[in-house]
Amino acid sequence: MKDYLSRLALSFLMIMLGVHLHAQQQAVLWYDKPAEYWEEALPLGNGRIGAMVYGNPAKEEIQLNEETVSAGSPYKNYNPDAKAALSDIRQLIFDGNYPEAQMMAGEKILSKNGFGMPYQTVGSLWLDFEGHENYTNFRRELDIDKAVATTIYTVGGVEYKREIFTSFVDQLVVVRLTASKPGKLTFNTKLTCPQAVDVVASGKDRLTMEGVTKGDEFTEGKVRFRADLKLHIQGGKSVAGDSLLMVTNANSATIYIAMATNFVNYKDISADPVERNKSDLKNAGKNYSKALQAHINEYQKYYRRVSLELGRTPQADKPTDVRVKEFATSNDPHLVSLYFQFGRYLLIACSQPGGQPANLQGIWNNKLNPAWKCRYTTNINAEMNYWPAEVTNLAEMHEPFLQMISELYENGQEAAREMYGCRGWVLHHNTDLWRMNGAVDRAYCGPWPTCNAWLCQHLWDRYLYSGDKEFLARVYPIMKSASEFFVDFLVEDPNTGYMVVTPSNSPENAPRHLKGKANLFAGITMDNQLVFDLFTNTEAAARLLYKDESFCDTISGLKKQLPPMQVGQYGQLQEWFEDWDHPGDHHRHISHLWGFFPGYQISPYSSPVLFEAARNTLIQRGDPSTGWSMGWKVCFWARCLDGNHALKLITNQLNLVSPVLQKGQDGGTYPNLFDAHPPFQIDGNFGCAAGIAEMLMQSHDEAIHLLPALPDAWKDGEIKGLRTRGGFEIISLKWKDGKIESAVIKSTIGGNLRLRAHNQLKLNGESLSRAEGVNANPLFVKQQIARPLISEKAPLKGVELKEFYLYDVSTKAGQTYTFTL
């Protein structure tokens with residue numbers, strides 16, 4: 001009997017191990033050929049340092065990044081000429097002389113002494129294996145459950161394996177090389193960089209590469225960067241050339257790379273990269289298995305908080321690039337799960353507490369002058385990077401972005417004062433490592449002074465997810481300061497009597513009759529929504545903290561004087577104050593729907609007219625778009641409660657794009673699952689991940705809405721680990737045949753739990769009574785918007801909404817509640 005029980009226990013253990021291994025195998029990107037292009041290489045990162053692994057047997061390249069390698073040095077770039085010209089520019093706009101206003105803005109508002117500094121590559125590690133051109137049994141993969149990239153192949157009857165990771169614990173790029181037979185590792189290794197560097201070999205096991213970044217005609221380049229390589233071999237020998245290391249007949253080899261700069265913060269570059277690398281290299285030489293496991297453990301404490309199961313078909317056994325290519329014509333729901341988790345993987349890998357926020361490409365860039373300089377484009381792209389942070393249980397990854405907001409608040413007060421004569425702080429549509437806040441690029445997009453309001457929404461939303469009043473008290477001065485800017489900057493439009501933001505643009509778009517002529521106007525819808533959101537949230541924060549009653553009265557009064565949202569002649573939500581929209585406008589930016597997502601001013605339940613207008617706008621804009629815009633549209637259609645249309649957008653996004661294609665407006669996905677604008681922009685990955693979460697759970701509209709936009713194709717599934725506003729966590733949400741089978745929800749701070757569901761639920765087997773009235777939980781308070789203005793020509797038809805059930809449950813902190821069908 002004892003032996004039988006032992007065998008039974010062993011069998012159970014093997015079954016559970018098999019299930020666990022299967023789950024891990026599901027979270028793998030794999031390919032049957034090496035990467036030829038950067039957009040085929042596999043990304044690794046620990047927040048601060050990054051690597052792109054090509055997996056070439058004969059000539060391996062591992063491209064390297066460190067998050068603070070940037071051109072330039074601390075600088076300011078605001079244009080003080082703006083202050084004297086502001087009233088004249090505004091008068092031109094009020095008089096309808098839009099081209100003249102834009103020309104003057106280009107001269108007086110755009111920066112004259114600095115246009116943003118590019119993020120740059122450190123360089124590359126090369127591994128040259130002579131005679132490895134003819135290989136068989138090739139496979140390269142990225143295991144996103146472990147954050148490890150592996151390449152395996154066979155040459156001459158010997159199996160070679162490369163295992164690479166960027167240690168979250170040891171702050172090193174670690175490359176482990178092994179062979180199935182002893183003495184078979186013979187290779188050369190070197191470091192290179194596309195800009196001028198000094199590379200030196202020392203002893204038989206070390207390489208150093210160091211340089212200084214360049215600047216421009218206004219700002220000197222002063223970032224000192226350095227990479228240190230340390231080699232450990234078992235068996236064989238190593239010798240040094242002038243700038244490379246040569247290994248012969250080793251049994252195994254481990255390469256450690258440390259990278260650092262002299263950057264301390266946006267105004268201080270006094271650090272010593274030599275000492276920083278020296279400190280990190282003390283971690284080299286640890287027991288490899290233990291170092292690898294420590295890295296995996298640190299990573300998995302974030303990654304494994306959330307899982308998504310949508311089913312698995314034989315399609316999931318194919319190489320990843322093949323799956324993407326065939327997605328539109330195959331049944332591969334697991335690819336959606338993989339793509340969702342890949343977005344979470346990327347955020348963990350490129351945004352860690354204490355570091356820099358993710359830029360346009362996260363931390364991965366192989367160029368000195370990348371597209372859009374790989375900065376922070378703050379008229380949507382930088383914000384989109386963090387849409388998945390709170391909801392997909394990666395709140396710590398949000399912290400670098402919140403820290404940047406604090407730094408922009410510090411650095412933006414001088415610009416607000418000197419450019420516009422206003423209190424508070426300002427940021428336009430771009431910033432960089434140096435937190436520059438002047439208006440840059442072109443007159444049609446640079447003068448956009450409402451970014452501070454959008455950034456403050458991240459502060460408020462973080463509070464809504466946590467209920468942390470200590471955090472709210474720390475960030476309240478930033479919100480108040482942004483509100484003070486608009487108290488001073490808002491001006492009465494003599495044509496309408498409304499208080500408006502001007503000059504400004506609806507990001508990068510113009511009415512059809514003014515295309516190529518003018519983009520700067522007054523009372524733009526997005527600006528109105530942003531300032532309304534900022535004033536509403538600042539007032540709410542002040543009252544929660546018992547502060548600034550008089551200031552609350554001021555912004556409350558101003559909020560009532562903002563232009564309301566408007567429904568135009570085509571049934572659309574107007575983008576501009578005037579009814580200038582055209583149904584043939586398919587622009588990638590849909591900025592006037594900011595109040596729909598990521599804002600929460602438009603609701604199918606409380607503002608159905610605006611909801612219909614927002615949906616009409618999406619239909620008129622069409623589905624085809626750039627990659628990041630596709631991700632935004634997934635979020636929009638989820639908010640439209642239309643899961644089938646959201647899935648159509650995901651299908652459009654999971655369309656294989658050739659790495660050769662580096663320009664375009666059609667979106668898609670590169671072979672390594674990077675989002676294609678094209679070129680690569682990481683925000684599309686993050687926007688789509690957030691959109692998938694929105695399809696399965698929403699918490700912005702007075703309740704936690706379970707399965708609000710479930711596509712017909714996802715009949716059965718389970719999501720675990722999502723976070724909601726109000727301090728709740730979805731421990732498990734399981735559905736079958738499109739209906740909720742069970743929902744297990746944890747309350748972390750207590751308070752009323754209001755659920756919205758499309759089938760009836762029971763709590764612990766007991767029936768629930770329907771909720772009525774306003775949600776008593778203050779973290780779900782709805783923003784009270786003004787009544788919209790509606791064109792007499794608007795062809796509105798009304799909306800039909802799916803039947804739903806609304807329940808209230810009083811919860812206690814730390815308790816878990818189980819709901820069933």
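Two residues are in contact here when heavy atoms of theirs lie within 4.5 Å. The model on screen is predicted.

**Stop 1: Asp170**

Select Asp170. The residue sits in a loop, with strand E8 (158–166) on one side in sequence and strand E9 (173–179) on the other. Is Asp170 buried or exposed? Its relative accessible area is 5%, and the cut-off for buried is under 20%, so Asp170 counts as buried.

Now add the residues it touches, leaving aside neighbours within four places in sequence: Asp280, Asn283, Lys286 and Ala291 are in contact with Asp170.

**Stop 2: an open sheet**

Next, select strands E25, E26, E31 and E35. They form an open sheet of 4 strands, in the order E25-E26-E31-E35, and the pairing is mixed. Strand E25 (697–698) and strand E35 (805–811) are the edge strands, each pairing on one side only.

Keep E35 and its partner E31 (residues 751–757) in view. The two strands run antiparallel to each other and are paired over 7 bridges. To find a point of register, label Leu755 and Tyr807: Leu755 stands opposite Tyr807, which belongs to E35.

**Stop 3: the largest cavity**

Turn to the enclosed spaces. How many cavities of 30 Å³ or more does the structure hold? There are 5. The largest has a volume of about 210 Å³.

To centre the view on the largest cavity, select Tyr386, Trp387, Asp461, Tyr465 and Arg725, which lie nearest its centre among the 15 lining residues. Then show helix H9 (387–391), helix H11 (451–466) and helix H18 (683–696), the elements that each give two or more residues to this lining. Which of the elements gives the most to the lining? It is H11, with 4 residues.

Colour the lining of the largest cavity by class: 7 residues are nonpolar, 3 are polar and 5 are charged.

**Stop 4: the second largest cavity**

Move on to the second largest cavity, with a volume of about 110 Å³. Its lining is made of 17 residues. Select Glu67, Tyr119, Asn359, Tyr376 and Leu433 to find the middle, as these lining residues lie nearest the centre of the second largest cavity. The same colouring by class gives 9 nonpolar, 5 polar and 3 charged residues in this lining.

Methods
Residues numbered from 1 in each chain as written. Predicted model: local features only at pLDDT ≥ 70, side-chain atom pairs only at ≥ 80, totals over all residues. Heavy atoms only, no water. Buried < 20%, exposed > 50% of the residue type's maximum accessible area, 1.4 Å probe, protein only. Pairing = 2+ DSSP bridges. 1 Å grid on protein atoms, 1.4 Å probe; cavity = no way out; pocket = protein on both sides within 12 Å on 5 of 7 lines; lining within 4 Å. Points joined across faces, edges and corners; volume = space filled by probe spheres on them. Nonpolar A, V, L, I, M, F, W, Y, C, P; charged D, E, K, R; others polar.
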